[in-house]
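Thank you all for coming; please have the sequence and the structure open while I talk, and stop me whenever a term is unfamiliar. I will go through how the strands are arranged and then how some of the helices pack.

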Amino acid sequence: MPQVTKPNEEFDVVKYFLQLLEDDKDLSSGIAAIKTLLMILEKKQFGTIHILHTTMREAVAAMRNTDLSIAAIVSAGELFCRFITLSLDDKHMEECRQIMLNRGKIFLTKLQNSRQVISQQAQRFISDGCRILTHSRSRVVLKALIAASQNKKTFHVFVTQGGIGNSGEEMVQDLQAAGIDCTLILDSATGYVMESVDFVMVGAEAIVESGGIINRIGSYTMGLCAREMKKPFYVLSESFKFSRLYPLNQRDLPNEYKYSRKHLNDISKVHPLVDYTPPAYITLLFTDLGILTPSAVSDELIKLYM
């Protein structure tokens, strides 16, 4: 468990946030960000809602300054703050604080169950004998595949290496540990394998207003290939990853989303970590809000921020 500060001790946002992720390797950065914001709410006193908002914004800024993908941190932080501060007129600050704490805990509990909800939705799309292509390692895709295997379905999964790092190898190890047949392939073998699979199933680092996704580099290539070969392209993602971004192409993605922070001063010779897959290449999105078409995402975002 992360170290909890004493009442008179300064709360170290980044240290707490990173310790959460270190203690639980299965925890997403978005959920860790929400847990950190909730701890700030528990440990600090706020004179006004404005001060609370300022403190929360500063905390999100500190967490996005770490060398992690910031898409989920930003979207989760925005949704959390929106949810806990809704309709708090005519109440004194301590009463507001208690309401916000209760709302925050409800919000966190709901999101922690989201992978289970999504994996249940995906079950009827995974049939006996099917062949699935996935990209790198996605926790929610892994959960859906394990759930299908536990329901006595047999299938084969092709896993791309996922570029930099060993995330593809980790996904294969997790699948093998669950008794699921799988094959690790080169990212460049996507086109070769695509004609033999039934569908593509990937995760997302963010779902943007257009219904497209930001995900690990190579996702766009996979989407292009799937569309050309008329294979369904499914995205599994929690609703806290819904983001108020509207990119039209790869250049529209902010550099801080695409590159490690240590490279932001000179990106001319570095590899982008993520890319943008437009909605035209996505068949369905499986979320804890339901199974959505890409065109439905903007309506769900409006509901989330109303």
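**Strands, sheet and helices**

Let me begin with strand E1, residues 131-134, and strand E2, residues 156-160, which run parallel and are joined by four bridges; please keep in mind throughout that this is a predicted model. To get from E1 to E2 the chain passes through helix H7, residues 139-150, and this β-α-β crossover is right-handed. If you would like one residue to hold on to, take Leu133, which stands opposite Phe158 in E2 and also stands opposite Val200 in E4. Strand E4, residues 199-202, runs parallel to E1, and two bridges join them.

For those new to this, strands of a sheet pair through backbone hydrogen bonds, in either a parallel or an antiparallel sense.

Now, in what order do the strands of the open sheet lie? There are seven of them, and the order is E3-E2-E1-E4-E7-E9-E10, with mixed pairing. Strand E3, at 181-185, and strand E10, at 290-292, are the edge strands, since each pairs on one side only. From one strand to the next, the twist averages 25°. Further along that order, E4 pairs with strand E7, residues 233-236, in the parallel sense over three bridges, and Met201 has Tyr234 in E7 as its bridge partner.

Helix H6 packs on this sheet, where it touches E4, E7, strand E9 (284-287) and E10, and its direction makes about 135° with that of E9. Helix H10, residues 219-228, lies across E1, E2, E4 and E7, and runs at about 145° to E7.

Let me turn to helices packing against each other. H6, residues 114-122, packs with H7 at an angle of about 55°, their axes being 8 Å apart. Why do we call this pair oblique? An angle of about 55° falls outside the ranges for roughly parallel, roughly perpendicular and roughly antiparallel, and H6 and H7 are therefore oblique to each other. H6 passes H7 in a right-handed crossing, and the residues in contact include Ile118 and Ala122 of H6 and Val140 and Ala144 of H7. By class, that contact has five nonpolar, two polar and three charged residues.

Finally, helix H1, residues 13-23, and helix H3, residues 49-64, have axes that come within 9 Å and cross at roughly 55°. H1 passes H3 in a right-handed crossing. Here Val13, Val14 and Phe17 in H1 meet Ala59, Ala62 and Met63 in H3, a contact with six nonpolar, no polar and no charged residues.

Terms used:
Residues are numbered from 1 along each chain as its sequence is written. This is a predicted model: local features need pLDDT of at least 70, side-chain atom pairs count only at pLDDT 80 or more; totals for chains, interfaces and linings use all residues. Side-chain values use heavy atoms; hydrogens and water are left out. Two strands pair if DSSP finds at least two bridges between them. A crossover is right-handed if, with the strands pointing away from the viewer, the path from the first strand over the helix to the second runs clockwise. Axes are lines fitted to C-alpha atoms, for helices over the stretch in contact, and angles run from 0 to 180 degrees between N-to-C directions. A crossing is left-handed if the near helix is turned anticlockwise from the far one by less than a right angle, and right-handed if clockwise. Contact means heavy atoms within 4.5 Å. Ala, Val, Leu, Ile, Met, Phe, Trp, Tyr, Cys and Pro count as nonpolar, Asp, Glu, Lys and Arg as charged, and the others, Gly among them, as polar. Angles under 35 degrees count as roughly parallel, over 145 as roughly antiparallel, 65 to 115 as roughly perpendicular and the rest as oblique.
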